[in-house]
Amino acid sequence: MAARSITRRDFVGDMARAAVAFTIVPRHVLGRGYRAPSDLLRIACIGVGGRGRDNVKGVSGEVLYALCDVDLNRAEEMFRSYPKAKRYRDFRELLEREEDHIDAVVISTPDHTHAAAASLAMKMRKHVYCEKPLARTLGEVRALVEGARRYKVATQMGNQGHAGAGTRQLREYVEAGAIGTVREIHYWTNRPIWPQALERPLEAYNVPPYLDWDLWLGPAPVRPYAPAYAPFRWRGWWDFGTGALGDIAPHAMDAAFWTLGLRYPSRIEVETTKLFPETAPRISRLTFEFPERSGRSAVRLVWRDGELMPPRPAGLPPEQAWPYSDVGSQVWTGSDGALIADAYGDKLLLLNEARDKELKANPPPEKYPRSPGVYAEWIAACKGGAPAGSSFPDHAGPLTELVLLGTIAVRMGQTLELDPVTGRVTNVAVPEEYVRPVFREGWRLYT
């Protein structure tokens with residue numbers, strides 16, 4: 001075999017690799033608590049302003065390899081806080097360039113880009129943490145569930161209350177018979193805290209120099225920039241968000257969905273203020289009816305948002321403010337009492353003072369192990385541990401489908417009758433774009 005000439009670059013590279021090889025030592029030599037670099041995930045965060053800031057910080061114990069945001073103004077704090085992370089504006093470019101250098105992705109963008117970003121990441125076999133709601137439409141949710149199964153990646157939706165001790169304690173109380181057989185649950189949230197019930201703005205605006213408007217639109221139809229959409233007001237626009245229901249119901253309805261084994265309802269009744277073609281109404285009230293099934297009686301969920309609050313529950317101590325929490329409250333009524341909690345399942349209170357004191361002094365056994373937290377669950381799953389509690393196939397996908405069926409009822413402004421086994425709407429034709437949107441050129445689902 002002919003001898004190969006060795007260049008200076010080859011020599012330096014070989015020596016560097018040899019040095020690395022000889023510096024790998026057993027972990028016990030490095031000391032307790034030391035984490036070898038090989039133990040750390042290399043994470044890319046897509047959307048790092050707003051809620052994204054908390055998510056970046058939540059995974060910052062790993063290696064923050066890249067940060068991506070279309071709005072440089074909103075991203076500035078995280079760019080400054082993590083100067084070693086690579087910076088991108090287009091998540092497609094990030095994933096294509098860094099495919100070999102990252103293990104996992106955190107997605108904190110507006111709802112309308114969740115599915116495009118998550119599906120591309122999963123196709124590249126990257127683990128995915130995605131903010132709630134999982135996606136904007138039923139078709140996107142189902143594609144993400146299928147992608148998680150196909151590519152066998154660890155997934156988690158950011159409905160952090162599911163990892164909280166309150167949700168677990170609430171389930172333990174209910175299963176211990178604290179309120180008897182659950183019959184009805186009422187929800188309220190202060191959302192929307194952004195404008196809704198709007199027509200499309202007609203004024204002309206210049207795009208701020210720090211914002212890439214075309215990338216912000218992503219798969220949504222092209223429209224001129226207006227401050228009515230970004231940075232925070234997008235939630236009320238159907239092309240971009242899912243209204244008050246999509247924002248808070250993945251938190252508030254989570255405990256009931258998990259505790260009672262809910263799936264599809266048989267009926268959704270809706271009442272709203274005036275409907276607008278492009279935005280959610282100012283106020284809505286929905287009633288979800290779930291038929292009796294093995295191991296559970298029929299149950300009704302009632303949702304109210306905005307200025308429409310449920311009545312003060314009987315038995316609530318007079319010194320206790322109502323609503324129970326500024327963000328949202330839930331009131332569970334059973335055959336033998338009632339309980340309340342906030343939107344995340346915390347601040348649990350039985351509306352029978354004697355019974356509440358009794359159970360606080362002698363609580364039911366901790367049947368459901370407490371979680372290390374929504375981020376720690378997912379990170380452990382990425383490293384080969386058990387699936388996270390709100391993984392796409394097992395929990396996040398089905399829960400988001402329930403919520404999105406509610407948004408369809410709101411958009412249509414009429415009662416939906418459903419097959420409780422398949423979730424198919426049986427009494428009216430649902431517009432195709434409410435279920436399976438068409439992405440504009442250059443954007444698609446990748447599963």
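Is tryptophan 378 buried or exposed? In this predicted model, tryptophan 378 has 0% relative accessibility and therefore counts as buried.

**Aromatic pairs**

The structure holds 11 aromatic pairs. One of them joins tyrosine 129 to tryptophan 378 in an edge-to-face arrangement, with 5.7 Å centre to centre and 65 degrees between the planes. This pair links distant parts of the chain, since the partners are 249 residues apart. Tyrosine 129 belongs to strand β5 (residues 127–130), and tryptophan 378 to helix α13 (residues 374–382). Like its partner, tyrosine 129 is buried, because its relative accessibility is 0%.

A further pair is formed by tryptophan 213 and tyrosine 229: the ring centres are 6.0 Å apart and the planes lie at 20 degrees, so the pair is stacked. Here too the contact links distant parts of the chain, 16 residues apart. Tryptophan 213 is in helix α9 (residues 213–217), whereas tyrosine 229 is in the loop between α9 and α10 (243–252). Both of these residues are buried.

Tryptophan 213 and tyrosine 229 are also members of a cluster linked by ring pairs, together with Trp216, Tyr225, Trp237 and Phe240.

**Charges over rings**

Two arginine residues are placed over aromatic rings, as listed below.

| Arginine | Ring | Distance from ring centre |
|---|---|---|
| Arginine 171 | Tryptophan 258 | 4.5 Å |
| Arginine 263 | Tyrosine 264 | 4.4 Å |

In the case of arginine 171, the charged end sits over the ring of tryptophan 258. Arginine 263 lies over the face of tyrosine 264.

Terms used:
Residues are numbered from 1 along each chain as its sequence is written. This is a predicted model: local features need pLDDT of at least 70, side-chain atom pairs count only at pLDDT 80 or more; totals for chains, interfaces and linings use all residues. Side-chain values use heavy atoms; hydrogens and water are left out. Rings of Phe, Tyr and Trp (its six-membered ring) pair if their centres lie within 6.5 Å; planes under 30 degrees apart count as stacked, over 60 as edge-to-face and the rest as tilted. Helices (H or I, at least four residues) and strands (E, at least two) are DSSP runs, numbered from the N terminus. Buried means under 20% relative accessible area, exposed over 50%, partly exposed in between (1.4 Å probe, protein chains only). A charge sits over a ring if NZ of Lys or CZ of Arg is within 6 Å of the ring centre and within 35 degrees of the ring normal.
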